[in-house]
Structure formats: structure tokens, C-alpha cells
Amino acid sequence: MEFNNFEELMYFAKKRECSDIHITVGTNLAIRRFGTLEILEPAPSAELATNMIYSILNEKQVAKVKEGNDIDVGCMLRDGTRIRANVYYQRNNLAASIRILNEDIPTFEELCLPSAIKDMAEKPRGLVLVTGPTGSGKSTTLASMVDYINKTTSKHILTIEDPIEYVYPHNKAMIHQREVGRDVQSFSTALRSALREDPDIILVGEMRDFETIQAAITAAETGHLVLSTLHTTSAAQTVERIMDACPIDAQNQVRSQFANVIQGIFTQQLLPLADGTGRIVATEVLVANYAISNLIRENKTIQIPSMIQAGKREGMHTLNDDLYMLVRRDKVTKEEALKVAPDPISLAKLL
């Protein structure tokens, strides 16, 4: 398949419902469709591949890249498609990974998310985390939460993103979106400023370091609803990751603060549908009741999975539970479910 420019490549990728495009100078183009990478033949010329990458950048960004810097970009193309891209060098050649974003923000129902996510979006304060591996749809889930709040309540929502992905239309809420590197220096700086900007809800693109974690917990303690993401694959692992990011002498204090503010942890994985027509989300839901907050406070995270099992009446379920249901309903194959199961032996026995 030959392309003359980036627009033709994008049109091809969108038509095939791809999620990602990879352009690397000196080698083949690649697309990711329903989670599987496909290499395209023949390889474009070095000049064409370079022009494709530069076509999504402005002059300032091109100059930064030519200096040898990696950059993150979020932008809208001429046809209205929004993309998120990372431009970098490998083996001294320019490369770009481009995520194609949904043109419309999908609803909870369209994403097949459990009702617990709506309950979390309606919390007046506290910390709600959406977690999962790269490419599992965390940003889209967060966007659907913000869009739901925007459509239902009059609140001031402040987002801190790197880069801005979804742009929210004006509705009931007032939404201010700040981009790290353009509007503000860092996540932690933006969070400290946010407390003086009268927000009701703060979305933090990612809790990357201790300063950001500390600032997010402080914002949740002071009466705001804070939404954020982490690259973890279970609720218990999420708690451990947050503690591991803290200096040893601060861990006890952060553990106590986190136990007080956490409202819920929503973990997700994307799996290919059994019929090959797309992907479906598998989820784990933790709702922070008194017992779970106590386990976090007492550093007994190993007991969290069994507490989730016992909390089904409150809308909780483990990832294994959800994978079991998806296989039983013939939505995904047993093999795909076992690949992402946190406890594949137990899931295999169940099935």
C-alpha cells in the first residue's frame, strides 16, 4: 500500500478502525488494529516519512525535534481528527507514534463500562483513579467521565494534561484545559496553582511522581474531586505503586492520607472481540468502603482482592470475574482472557 502524504495514511487507518500509526524514517509504516500491529509494504522513502512526521508539527515543534528533543503533541488535523503523538529518534532516525482519538467522546454505555464508573463521577470529593496498561483506553474513560459531568452538573472542571487529547464542548460545566509544557511547567506546579483557581473537579493526566501524587492527594483532602490515571493492572498494585513512589520517611503519612481520600480505583484492559470486529473492555472495580480504607491504612494490600470479591453488592468485582463473564458470553476467547488475567490459574479452573 503506497501513500503520497500523511492525509492518505490517516484516511486509510481511520477506514480500517486503527488506534495507532507508527512512522519511522528508513523502514516500513505500521498500524495497530484491534490491538494487533500490522506492517505495511512497501516502505516509504526517507523524505516522505520525514515529511509525514513534520506535517503534524508546527515550526516551533519542528525546531525542537531538529535539536534532538522528544516531544508530545496533541492536535486537530484539517479533517477534524484529533491525534496524540510522540516524536522521537531511534538509531539516529526520526520516528513518531500517533494515537488516533475518537472524534466524539463516547458515553459510558458506548464503552460498555459498569455503572460504578458513573457513581464515581458523581462523587462530591476525593480521589478516583483509572488504571491499566498503555493503550487500554484510560484517557477515553476519563474523557467520558468529564463529558458526563459536563452534561449533568454546573461545575468548574480544571484539566492538566500532557498533551491535551479531547477538547470538551461547552455544556453545563465550565472547563479549563491546561497543557504541560505550554500552559504550565509541570503537573505538580499546575496542581498547586489549581487550589487557587476555584475548581470543583481536577483531572490530572497522569500521577507520574511523588510531587504530583502529594499535590493530588492534598487537592482531594481540601474538598475537590480529583480524577487521574496510573499504569497499573490491579487495584492492589495501584496502592503499592503510589506508596513505592514516595520517600520511605513519607510513606506512612501518605498511606494514611490516601486511605482517607480514595473513593475508587477502576482498572481496565482492552481485549479483541472473539468475532474480530473490534475490542471490548474488561474491568476491575474497587469502591473504597471503610474496610478497604482500613486495609490501605494498615498496609495490608494483599487482602484487597478478597475484599473486592466480598463487595459485589457495592458494585465491586475483580478483573478475573469480568473476564469470566466475557468468555461465558462469547465476547472474548478463553486464550485472550488468560493472557491478561491477574490469576490465570484460578480463571482457567473457573472456565
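Trainee: Why is T140 called buried in this predicted model?

Mentor: The relative accessible area of T140 is 15%, and since buried means under 20% relative accessible area, T140 is buried. T140 lies in helix α5, residues 138-152, and, leaving out residues up to four places away in sequence, T140 touches N102, P106, L111 and Y166.

Trainee: What makes D200 partly exposed?

Mentor: D200 has a relative accessible area of 33%, and because buried means under 20% and exposed means over 50%, with partly exposed in between, D200 is partly exposed. The place of D200 is in the loop between α6 (187-194) and β10.

Trainee: How do you know that the side chain of D200 makes a polar contact with H156?

Mentor: The side chain of D200 reaches the backbone nitrogen of H156 at 2.8 Å, and a polar contact is a pair of N or O atoms within 3.5 Å. H156 is also among the residues that D200 touches when those up to four places away in sequence are not counted, together with K155, H224 and L225. With L225, the C-alpha to C-alpha separation is 6.5 Å in space, although D200 and L225 are 25 residues apart in sequence.

Trainee: What makes β10 a paired strand, and which strands does β10 pair with?

Mentor: Two strands pair if there are at least two bridges between them, and β10 (residues 201-204) is joined to β8 (residues 156-161) in the parallel sense over four bridges, while β10 and β11 also pair in the parallel sense over four bridges. Towards β8, I201 is the bridge partner of I157, and V204 stands opposite I160; towards β11, the bridge partner of I201 is L225.

Trainee: How do you know that both faces of β10 are covered?

Mentor: I201 and L203 on one side of β10 and I202 and V204 on the other are all buried, where buried means under 20% relative accessible area.

Trainee: Why are β9 and β13 said to stand at the edges of their sheet?

Mentor: The sheet is open and has seven strands in the order β9-β8-β10-β11-β7-β12-β13, with mixed pairing. β9 (174-179) and β13 (279-287) each have a single partner strand, so one side of each is left without a neighbour in the sheet. Neighbouring strands of this sheet are turned by 15 degrees against each other on average, direction ignored. Helix α8 (residues 235-244) lies across β7, β11, β12 and β13, and runs at about 120 degrees to β12.

Trainee: Which strands stand at the edges of the six-stranded sheet, and why?

Mentor: That open sheet follows the order β3-β2-β1-β6-β5-β4 with antiparallel pairing. Its edges are β3 (36-40) and β4, because each has a single partner strand and one side of each is left without a neighbour in the sheet. The twist averages 20 degrees from one strand to the next. At the β4 edge, β4 and β5 pair in the antiparallel sense over six bridges, with A85 in β5 as the bridge partner of V73. Helix α1 (residues 6-15) lies across β1, β2, β3, β5 and β6, running at about 150 degrees to β1.

Trainee: How do you know that the buried residues of α3 line one face of the helix?

Mentor: The buried residues of helix α3 (residues 59-66) are Q61, V62 and V65. Seen down the axis of α3, these residues fall within an arc of 100 degrees, so they line one face. What covers them includes α2, β4, β5 and β6, whereas E59, K60 and K66, on the other side of α3, are exposed.

Trainee: What makes N58 a cap for α3?

Mentor: A side-chain oxygen of N58 lies 3.2 Å from the backbone nitrogen of K60, and the limit for a polar contact is 3.5 Å; N58 caps the N-terminal end of α3 in this way. After α3 comes G68, whose phi is positive, near 100 degrees.

Trainee: Which residues have the most contacts inside the largest nonpolar core?

Mentor: This core has 72 residues, and those with the most contacts inside it are L127, L129, M145, F258 and I304. Helix α7 (residues 210-221) contributes the largest share, seven residues. A second, separate core of 32 residues includes C18, L29, L48 and L77.

Methods
Residues numbered from 1 in each chain as written. Predicted model: local features only at pLDDT ≥ 70, side-chain atom pairs only at ≥ 80, totals over all residues. Heavy atoms only, no water. Helix = DSSP H or I, 4+ residues; strand = E, 2+ residues; numbered from the N terminus. Axes fitted to C-alpha atoms, helices over the stretch in contact; angles between N-to-C directions. Contact = heavy atoms within 4.5 Å. Buried < 20%, exposed > 50% of the residue type's maximum accessible area, 1.4 Å probe, protein only. Polar contact = N/O pair within 3.5 Å; in protein donor to acceptor, adjacent residues only side chain to side chain. Arc of directions from axis to C-beta. Core = buried A, V, L, I, M, F, W, Y, C linked by side-chain atoms within 4.5 Å.
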